[in-house]
Amino acid sequence: MKQHGYNEVVRDAIAQLKGKPGALLPILHEIQDTIGYIPADAVPVIADELNLSRAEVHGVISFYHYFRQTPPGKHAIQICQAESCKAMGSDQLTAHAKKRLGIDFHETTPDGNFSLEPVYCLGNCACSPAVMIDDEPHGRVTSERINQLIDMAKRGN
Amino acid sequence: MTITVYIPGDSSSLSLGADRVAISIAAEAALRGAHIEIIRNGSRGLYWLEPMIEVSTPNGRVAYGPVTASDVHSLFESNFLYGNDHHLRLGLTEEIPYLKNQERLTFARVGITDPISLQSYIEHDGYRGLKRALGMNGASIVKEVTDSGLRGRGGAAFPTGIKWNTVLNTPSEQKYVVCNADEGDSGTYSDRMIMEGDPFVLIEGMTIAGIAVGATQGYIYLRSEYPHALQVLNEAIAIATANNYLGRNILGSGKSFHLEVRRGAGAYVCGEETSLMESIEGKRGLVRFKPPLPAIQGLFGKPTIVNNVISLASVPIILDKGGEFYRNYGMDRSRGTLPIQLAGNIKHGGLVEKAFGMTLRELLYDYGGGSASGRPIRAVQVGGPLGAYMPESQFDTPLDYEAFSNIWAVLGHGGVVAFDDTVDMARMARYGMEFCAIESCGKCTPCRIGTTRGMEVIDRIIARKDHAASVQLLRDLCDTMLNGSLCALGGMAPYPVLSALNHFPEDFGLQQTQQAA
């Protein structure tokens, strides 16, 4: 989505959801679902419409790990770091993915293709280690498998 | 004749290629002119066999697994549509020992029915509990739940009926029912299986709760890591509403109950009930002081039932068959069944719903089949990242809330994560503190500061710096966190840390005999 579309997305999300009790999280989700992150200039608009301070809105965005304040890569790769996946080698898988992509957690590859994020449990613990690429879950992921998945995602671009 | 083929559509099965299998089967059937109907059921919970497909035969459903897309051609060649032999054939599904020996009450339909078919739900005894509840007064419904002995399955094990009774007896124009579906504990996935595999049972349970205490609005607080569950729940809620099982004047009873899913945003602490309510209210997920209890002043300051998915999903069968029926399962003060989730380094990972009382050893070896790596199981963490690590010497503990708390362990939400003998328990203890530091809401000092200092002091122990003093400091810090934290995040972070230190001192550079310190 192009820059000039942001304002409309933000205004639409607010108009559609502001009547709900506790509307802030649904509004933030709607914006991130559409744009991929919460642009900084959305904060004063949301604050104004919900009768909150900008600090309160910013405070909520920054509290929750899921909300992004910068644009994500085309594909978001989440690797589970929790105990069950650790028991099945997720630390080694994580190290491999970081090396393969040349980035650390919370970073995006220079070509803008991939963001790498830690996640603490995907609820796929019987099939550890677990990975989520965009909204697609993957279980029992080996280093070879994550290479394939990265290649497949690249080809799909 | 049309043959029904079941291919699981839950996210774990999808993660193992179930969609590709479904596409291949549909294509191969079309090519051969075979008339089949594919139903995307929930998972039976035998995850080492997923994707496990089933075909309906006159003798019952026959299972094949684990099936990949490349097996599909040979399955058709072997006439699997008629249940014929194939190297992946597992026999009649109901006769697979892992499944046959379970006592599935809450999970009675999961993996059997089409999750978003209301008709299928009703044909399999769905909505019988609600229909009975609609003919009862609130106090009688609450009494039935109290009599069942059901305790909160989210982990705290508080008697559900007592919580409901408080909400019932707190007068208010508006009350709420909140379902805690923020299943953040590593090693747990039973909530997800219910929501993806039998969403109507949760909707029915929440509706009964609302009718019992006079709440007209319900929220399911669902973690953002579960996009598939979100889709299934929203579809099921729309279907239930369209068929008058939700909304105004449910089934002509004059009672109303509305239900909405609210998404979390990746904060583990929002699984704590007061933080969860703050989050629904649109705020940072900071923990509240208690009292006031949520049952008296909860969501938006109104009396609120907050229950876990499994607690609420157990209510329909309790109302249908009676509190006494449910109570007849279990041991001592742990009544009914517990859906246990086997995870981590385990050969046969999956869901085991059994009455309380089975030992951990039976679970790990008779069901789990030992470790996936084939090496000895050295430690298991039960009850999520805030649960204790248990050594082999404690494997004969029965699954019972009190038996676990007597040995300073917790059953929690029933997640069991196995580790083989390659695990470094000092590293796991360090991770326990690291995780809580990342997830602390920051409201109370013992948790906000203690988790970071805990990480640092464990680093020093690992590096053998000021070794004896650092171990003592870690114990003192854990004591402060245990007694001084506002909620269970800081208050239980010491469980994995101290249990690792006490049961596996050698990993911290201590002699076995020093563990009494």
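Biologist: Which residues of α10(B) meet B:G138, B:I141 and B:V142 of α7(B)?

Modeller: This is a predicted model, where local features need pLDDT of at least 70, side-chain atom pairs count only at pLDDT 80 or more, and totals for chains, interfaces and linings use all residues. Residues are numbered from 1 along each chain as its sequence is written, while chains are lettered from A and ligands numbered from 1 in the order in which they are written. Contact requires C-beta atoms, placed from the backbone, within 7 Å. On the α10(B) side, the partners of these three are B:I208, B:I211, B:A212 and B:V213.

Biologist: How many nonpolar residues does the contact of α7(B) with α10(B) have?

Modeller: Nonpolar covers Ala, Val, Leu, Ile, Met, Phe, Trp, Tyr, Cys and Pro; charged covers Asp, Glu, Lys and Arg; the others, Gly among them, are polar. The contact has no charged residues and one polar residue, and its nonpolar residues number six.

Biologist: How is α7(B) set against α10(B)?

Modeller: The axes (lines fitted to C-alpha atoms over the stretch in contact, with angles from 0 to 180 degrees between N-to-C directions) of α7, residues 138-148, and α10, residues 199-213, of chain B come within 7 Å and cross at roughly 130°. Angles under 35 degrees are roughly parallel, over 145 roughly antiparallel, 65 to 115 roughly perpendicular, and the rest oblique. The crossing angle therefore makes α7(B), relative to α10(B), oblique.

Biologist: Is B:H258 buried or exposed?

Modeller: B:H258 lies in strand β8 of chain B. A residue with 20 or more other C-beta atoms within 10 Å of its own is buried, one with 12 or fewer exposed, and one in between partly exposed. B:H258 has 16 such atoms, so it is partly exposed.

Biologist: How far apart in space are B:H258 and B:Y219?

Modeller: Beyond four places in sequence, B:H258 is in contact with B:T216, B:Q217, B:G218, B:L246 and B:G247. B:Y219 is 39 residues away from B:H258 in sequence, and the C-alpha to C-alpha distance is 8.5 Å.

Biologist: What is the radius of gyration of chain B?

Modeller: Chain B has 22 helices and 16 strands (DSSP runs numbered from the N terminus: H or I, at least four residues, and E, at least two). The globule rule (2.2 Å times the number of residues to the power 0.38, for a radius taken over C-alpha atoms) gives 24 Å for 517 residues. Chain B is close to that, so it is as compact as a globular protein of that length, with a radius of gyration of 24 Å.

Biologist: How many residues of chain A are in contact with chain B?

Modeller: Chain B brings 45 residues to this contact. The side of chain B that touches chain A divides into 18 nonpolar, 18 polar and nine charged residues. From chain A, the number in contact is 33.

Key: Two residues are in contact if their C-beta atoms, placed from the backbone, lie within 7 Å.
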